[in-house]
Amino acid sequence: MNIHTYEKAWLVAAMVLIVGFMATITYGAVGPGIAMIDDDGGTIDPAEINDHERFGEPGVEHVGDDEYEVAVVAQAWSYTPEQIEVPADSEVTFYVTSRDVTHSFSVVGTNVNTMVIPGQISEMTVRFDEPGEYGILCNEYCGEYHHTMEGKLNVVP
Ligand code: CUA
């Protein structure tokens with residue numbers, strides 16, 4: 001009886017180690033630091049983007065006192081909308097998805113830098129205290145005109 005209990009304990013210990021190793025690998029791959037893939041936003045059928053409540057009409061939505069949500073659709077080789085305008089002193093959550101291939105959504109000079117994968121919604125929140133102009137770039141090679149894929153974020157006073 002006692003030996004069985006020992007065996008069981010070792011089995012459990014081995015399982016815990018295996019799960020621990022796997023968790024370490026996953027942790028190393030997806031976070032923390034710069035979030036490469038942030039799929040907190042959930043999933044989406046790329047074919048249904050036009051009918052989606054958030055992405056059917058992408059753009060800026062005022063959702064609270066100083067809170068804004070911005071829906072962006074990435075496609076080869078542009079973002080919709082191309083220009084985003086939010087007021088300073090606001091908390092902005094970006095929801096980004098792709099219509100076709102893998103892109104990225106990177107707001108230069110901020111920590112917003114996320115991969116945009118078809119079927120997934122990338123979600124990132126950032127605070128903008130000061131007015132400013134930011135370029136938005138695609139950092140993920142997405143075809144012939146990848147280098148022309150850009151947008152603009154204006155944080156206005
Ligand atoms: Cu989109 Cu590179």
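## Burial and strand β6

A residue is called buried here if 20 or more other C-beta atoms lie within 10 Å of its own. In this predicted model, that cut-off is met by 5 of the 5 residues of strand β6, which means that β6 is largely enclosed by the rest of the structure. The burial concerns both faces of the strand, since H103, F105 and V107 on one side are buried, as are S104 and S106 on the other. For the chain as a whole, 26% of the 157 residues count as buried.

Strand β6 also has a partner on either hand. With β7 it pairs in the antiparallel sense over 4 bridges, and within that pairing S104 of β6 has M115 of β7 as its bridge partner. The two strands β6 and β7 form a hairpin with 5 residues between them, and in its turn G109 has a positive phi of about 90°. With β9 the pairing of β6 is again antiparallel, over 2 bridges, and here V107 stands opposite I136 of β9.

## Overall layout of the chain

When the chain is read along its sequence, it begins with a helix and continues with strands, following the pattern α-β-β-β-β-β-β-β-β-β-β, so that the count comes to 1 helix and 10 strands. The chain is divided into domain 1, which covers residues 1-30, and domain 2, which covers residues 39-156. The C-alpha centres of these two domains lie 40 Å apart.

Contacts in the chain often join residues that are far apart in the sequence: among those between residues at least 6 apart, 61% join residues at least 24 apart.

## The open sheet

Which strands stand side by side with β6 in the sheet, and in what order? An open sheet is formed by 5 strands in the order β4-β10-β9-β6-β7, and the pairing in it is mixed. Its edge strands are β4 and β7, each of which pairs on one side only. Neighbouring strands of the sheet are turned against each other by 20° on average, with direction ignored.

Further along the same order, strand β9, which covers residues 132-137, pairs with β10 in the antiparallel sense over 6 bridges. One of the facing pairs is formed by G135, which stands opposite K152 in β10.

## The nonpolar core

In soluble globular proteins, nonpolar side chains tend to be buried together. In this model the largest nonpolar core has 26 residues, and those with the most contacts inside it are V70, V72, A74, F94, V96 and F105. Several strands supply at least two residues each to this core, namely β2, β4, β5, β6, β7, β8 and β10, and of these β2 gives the most, with 6 residues.

The surroundings of V96 show how parts of the sequence meet. Leaving out residues up to four places away in sequence, V96 touches V72, A74, F105, T114, V116 and S122.

## Backbone details in the loops

Most residues other than glycine have a negative phi, and most peptide bonds are trans. Against that background, three places in the loops deserve a careful look. The peptide bond that joins A76 and W77 is cis, with omega at about 0°, and W77 lies in the loop between β2 and β3. A second cis peptide bond runs from T80 to P81, with omega near -5°, and P81 is found in the loop between β3 and β4.

The third place is D89, in the loop between β4 and β5, which has a positive phi of about 65° although it is not a glycine. D89 has 13 other C-beta atoms within 10 Å, and it is therefore partly exposed.

## Confidence in the model

The mean pLDDT of the chain is 88, and 87% of its residues reach 70 or more. Confidence is highest in β4, at 98, and lowest in helix α1, which covers residues 2-30 and has a mean of 73. The model scores ipTM 0.99 and pTM 0.75.

Over residues 30-37, pLDDT stays under 50, and for this stretch the model has 8 contacts beyond four places in sequence. Where pLDDT is low, the predicted coordinates should not be read in detail.

Note on methods:
Residues are numbered from 1 along each chain as its sequence is written. This is a predicted model: local features need pLDDT of at least 70, side-chain atom pairs count only at pLDDT 80 or more; totals for chains, interfaces and linings use all residues. A nonpolar core is a set of buried Ala, Val, Leu, Ile, Met, Phe, Trp, Tyr and Cys residues joined through C-beta atoms within 7 Å. A residue is buried if 20 or more other C-beta atoms lie within 10 Å of its own, exposed if 12 or fewer, and partly exposed in between; C-beta atoms are placed from the backbone. Two residues are in contact if their C-beta atoms, placed from the backbone, lie within 7 Å. Two strands pair if DSSP finds at least two bridges between them. Axes are lines fitted to C-alpha atoms, for helices over the stretch in contact, and angles run from 0 to 180 degrees between N-to-C directions. Domain bounds come from an automatic or database domain assignment. pLDDT is the predictor's confidence in each residue, from 0 to 100.
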